[in-house]
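Reader: Please take me through the metal site of this model in close detail. After that, describe some of the packing elsewhere in the protein.

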Amino acid sequence: MNSDSYEAVIGLEVHAHMLTRSKLFCGCAADFGAAPNHNVCPICMGMPGVLPVLNRHVLELAIRTGLAAHSRIEPHSTFARKSYFYPDLPKGYQISQYDQPLCRGGYVELPPREGSEPRRIRLVRIHLEEDAGKNIHSENASLVDFNRSGVPLMEIVSEPDIRSPEEAVDYLRELRGILVAVGASDGKMEEGSLRCDVNVSVRPRGTSELGVKTEIKNLNSFRFVEKAIVYEVKRQIEELSAGRRIPQETHLWDPEREVTRPMRSKEFANDYRYFPEPDLPPVLVAPDLVESIAAAMPELPAQKREKYGRDFGLSSYEVGVLLGRDDLGDYFAAVLAAGVNAKAAANWVMTEVLRAANESGKPLAQAVPPPQQTGELLRMVEQSRISLNAAKNAFAAMCRSGNTAEATVLELGLAQVSDEAAIAEVCDRVLAAEGAKLAEYRAGRDKLYGFFVGAVMKAMGAKANPKVVNEVLRRKLAG
Amino acid sequence: MRPSAVFTQMTSELNRLTIAEASARLRRREISSRELTRACLDRVAAVEPRLNAFITVTADEALQQAELADRRLDQGDAPALCGIPLAIKDIYCTRGVRTTCASKILDNFVPPFDATTIARLRAAGAVFVGKANLDEFAMGSSTENSAYGATRNPHGLERVAGGSSGGSAAAVAADECLAALGTDTGGSIRLPAAYCGVVGIKPTYSRVSRFGVIAYASSLDQVGPFARTVRDAATVLEAVAGPDPLDATCSGRPVPDYARALSGEVRGMRIGVPKEFFVEGMDAAVDSGVRGAIAGLEELGAESVEISLPHTDYAVAAYYLIATAEASANLARYDGVRYGLRAAADNNIELYNRTRAQGFGAEVKRRIMLGTFALSAGYYDAYYLKAQKVRTLIRRDFELAFEKCDIIAAPVAPSTAFRLGEKTDDPIKMYLSDIFTISVNLAGLPGMSVPCGIDPEGMPIGLQLIGPPFGEEAILRAGDAWERSGKFAPPRSRL
Amino acid sequence: MEQERISLEQVRHVARLARLALTPAEEQRLQIEMSEMLDYVDKLNQLNTEDVGPTAQVGEPGITTREDEVTNPSAADAMLANAPARDGFFFKVPKIIE
Ligand SMILES: [Mg+2]
Ligand SMILES: [Zn+2]
């Protein structure tokens, strides 16, 4: 069998650091970057006798996320202890949710790729849990920092509905968009705000039974997720094609060598001995709490896409490009806010802005002028103060200099002449100088019209407003 | 006798006062907290070599606290416990004072924080004489499972003090302090109170904050006081009880004025007597002592009704699965990484295995093993879940019983204090010491032990009074009425 | 010899889960004691609990929660004061193996 005769079956478990001031169960700061063990207290260090108290805001953020993902918000959910020993896990157990999570079911709808239908990736559950600390390994000792211990995490588990590496990335992107929109996460994958475990199996196309899955742990970028899946699918197909079986294993992604490799298997690794956390009573969510959160939901990515299509007349492709990157989407929104026509702004952002950003290799905000200035420039085009070509030149200059639109246009002398009298004077001069051609034109050689336009524009240093030139020239040529 | 001799005589007896008496005299400034504390510390010095009620005596801190209390008393308007010397079971985290839980694994642990109850007592101006002995991690019924040696019974040094809060009970019984704090997971306050002849209260689960109290079995553990009278015990309970933002399981209910409940009036009170608690093989002295106290309450106007708690016989089995399962997780934090004992090791796995092997005693290991097993893959439903279901049945027994009565009266234990070493080789026999106390923890109810008699060898007998949830006032009223009836005067320690 | 309720191998497995190094003598004693205890708790199976729900907690319903506020001062030295070994502000542990 060749690789086309297999299909990949992929499910994702995403751990999102939640955007809170304090930790899940104690009043320590939840932000990163503090000196080691400076954001810790007896509770998140698992000292004897301490007890967890749930951060109320975390509950609200998780309910918002659940609502955004069409999940069922459970009126009664519980915490459980998940036991294992590791130096960064202070209590010897993680407080998590097990058989009674806060949210069940739901789905994330993926924006359509070109030529494909929108797809729904179903969710199994969304639950709350605490993060562990951090171990720093060195030659013959390890160092432990508990600043991250107890930071709230939301775990979002999908059904194995994903069929390709690209789709996995689309799902992650959409999920991240939702998390950022509801304020549950900053969505910064590179900074570890989102971590992803991927379950991958393959099966002969057309069959419905699930194959044996490999779990790939701790992927912290979209690129790694995509590469790891590509690698793992290929590996599994090769194994199966060679007549070997896939053992159920946990793998780690090696970003250097771009391969996945099995973690050392621990024979008892999976006996976490979950049981109900006696220190936390069940979380009871009243219907009116859910209603009040639902009534104050922010705009979600799908709603925004729909609005962009509807209100700005953008195609789903254009919407996809604009909203495919947070920075680009934000930039577009800011240009719009400067009072520019949406279609023109969209075209400009998708072409000029994106190109400038890509060519510079710098983050968008450093590569291009502030959106207000770009808006200013586009307004000049709308008002015919400059030509579209002149605007492109000005934009390039602004990217380099950081000067305002106004100053750049002035400096480069790009302002367009729309003064009819001035243009008429030049037209008269051109026609007088080109008497022979004028006669030919008037005799019926219409093709010469372009010649006259070119000559007028050239005489005016390309700054004449083409619309006015046309009007005046046609009148004069008609005699 | 010259006046100074009288004074000496008086001060030497100060440690024998009740809180009510001492507090009144402190407020009148007839005595100082410093004198009172000194008297307790002198007594500690005199009896500790024989008793071993304390793991750590904090004499210097106590005298400093006493001085502060005296200043507050001088200014007037001090709380009831201001200047009163107390013993604290060494399971409460005390800021700056080592807290061992009677385990080698925490031998050098100095908490950087106070338990909520400790903070409340400090704020009330109480004086801490020291950290009292216990069974390691509160796992035991005799205080023999302590890494710091067994505590002996002040009424008979060859006898156990009961456990796990044996040090606290013995310290109160031996007049080393006026009252003490203990914890009760399966009887750990009521049993030593009964064995040592003092009052011990295990309040309703969630009545008192558990924050800073080293956990044994979190769904069962509850904090409570020991004292020489019901009134004194009520005073301490009132000082430590109440909502705590640091304990999510702690009840938000306001704390009643317990002293007001002590009206002495029990007329019309229906006292349920569970037939399952008067079993064959029970000491005759215990049987007659407890029945005598019930008859005494009837003479005061209460009515007794026979009730049934049919699942009593299953309580010990359910308890030892639930408590050990929770304990197996609660004790996972003792891994040698952040505090406490650390064994020499080349890697983290060795670190855990050796630290825990060296740090925990035999009973703790036994319970961790049983609890780990009960939660492990393939056994959870058969053991842990089954026990939780039986817990439901036990709880229902009490709900039904309290439809017929206001409080329940029963023995605390089938016998009086046994001899040191008598049960150490037979864990199950030891576990069965708690046969009458454990179901109260499983149901989360308030229970109290009040002295009600002595056996022919002079060992105290405890009457157990059990209330419905948050029924502390009813059991306090009954216990106080019995105590004040004068039908039985508890003997003082002969040490 | 009478067959014990659980095997030595089970005792060892549980000890591995619980991270307890046991001596051979301890293993044998625990095999006997745990077996006796499991025999004792068998009495629970006399009760039909088919329609009985489990009780995990006995407190009042409802959970105390806290505001999302940073209330703890940074007190690294106090938090590290009990450390068996430290390196700067890190806790130091022997090499970690999986
Ligand atoms: Mg997780
Ligand atoms: Zn903390």
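Author:
**The magnesium site and some packing contacts**

In sequence, the donor residues of the magnesium ion (ligand 1) follow the spacing H-x113-E-x25-E. The outer pair joins distant parts of the chain: His15(A) belongs to strand 1 (residues 6-17) of chain A and Glu155(A) to strand 12 (residues 152-158) of chain A, 140 residues apart. The model is a predicted one, and the distances that follow are computed from it. The protein donors are NE2 of His15(A), OE of Glu129(A), listed twice, and OE of Glu155(A), and they lie 2.0 to 2.7 Å from the magnesium ion.

Two of these residues can be placed by their accessibility. His15(A) has a relative accessibility of 11% and therefore counts as buried, the cut-off being under 20%. Glu155(A), at 9% relative accessibility, counts as buried as well.

Away from the metal, chain A offers two helix pairs. In one of them, helix 13 (residues 420-433) of chain A and helix 15 (residues 449-459) of chain A have axes that come within 10 Å and cross at roughly 120°. Helix 13 of chain A is therefore oblique to helix 15 of chain A. The crossing of helix 13 of chain A with helix 15 of chain A is right-handed. Helix 13 of chain A contributes Val426(A), Cys427(A), Val430(A) and Leu431(A) to the contact, while helix 15 of chain A contributes Phe452(A), Ala455(A), Val456(A) and Ala459(A). Of the residues in this contact, eight are nonpolar, with no polar and no charged residues.

In the other pair, helix 8 (residues 342-360) of chain A packs against helix 11 (residues 388-401) of chain A at an angle of about 35°, and their axes are 11 Å apart. Helix 8 of chain A passes helix 11 of chain A in a right-handed crossing. From helix 8 of chain A the contact takes in Trp348(A), Glu352(A), Val353(A) and Ala356(A); from helix 11 of chain A it takes in Leu388(A), Ala391(A), Lys392(A), Phe395(A) and Cys399(A). The contact of helix 8 of chain A with helix 11 of chain A has seven nonpolar residues, no polar ones and two charged ones.

Chain B supplies a single-residue example. Ser33(B) sits in helix 3 (residues 33-51) of chain B. With a relative accessible area of 0%, Ser33(B) is buried. Neighbours within four places in sequence aside, Ser33(B) is in contact with Leu26(B), Ala66(B), Ala69(B), Asp70(B), Gly83(B) and Val127(B).

How values were computed: Residues are numbered from 1 along each chain as its sequence is written. Chains are lettered from A and ligands numbered from 1 in the order in which they are written. This is a predicted model: local features need pLDDT of at least 70, side-chain atom pairs count only at pLDDT 80 or more; totals for chains, interfaces and linings use all residues. Side-chain values use heavy atoms; hydrogens and water are left out. Donors are N, O and S atoms within 2.8 Å of the metal (3.2 Å for Na, K and Ca); water is not among the atoms, so sites may look incomplete. Helices (H or I, at least four residues) and strands (E, at least two) are DSSP runs, numbered from the N terminus. Buried means under 20% relative accessible area, exposed over 50%, partly exposed in between (1.4 Å probe, protein chains only). Axes are lines fitted to C-alpha atoms, for helices over the stretch in contact, and angles run from 0 to 180 degrees between N-to-C directions. Angles under 35 degrees count as roughly parallel, over 145 as roughly antiparallel, 65 to 115 as roughly perpendicular and the rest as oblique. A crossing is left-handed if the near helix is turned anticlockwise from the far one by less than a right angle, and right-handed if clockwise. Contact means heavy atoms within 4.5 Å. Ala, Val, Leu, Ile, Met, Phe, Trp, Tyr, Cys and Pro count as nonpolar, Asp, Glu, Lys and Arg as charged, and the others, Gly among them, as polar.
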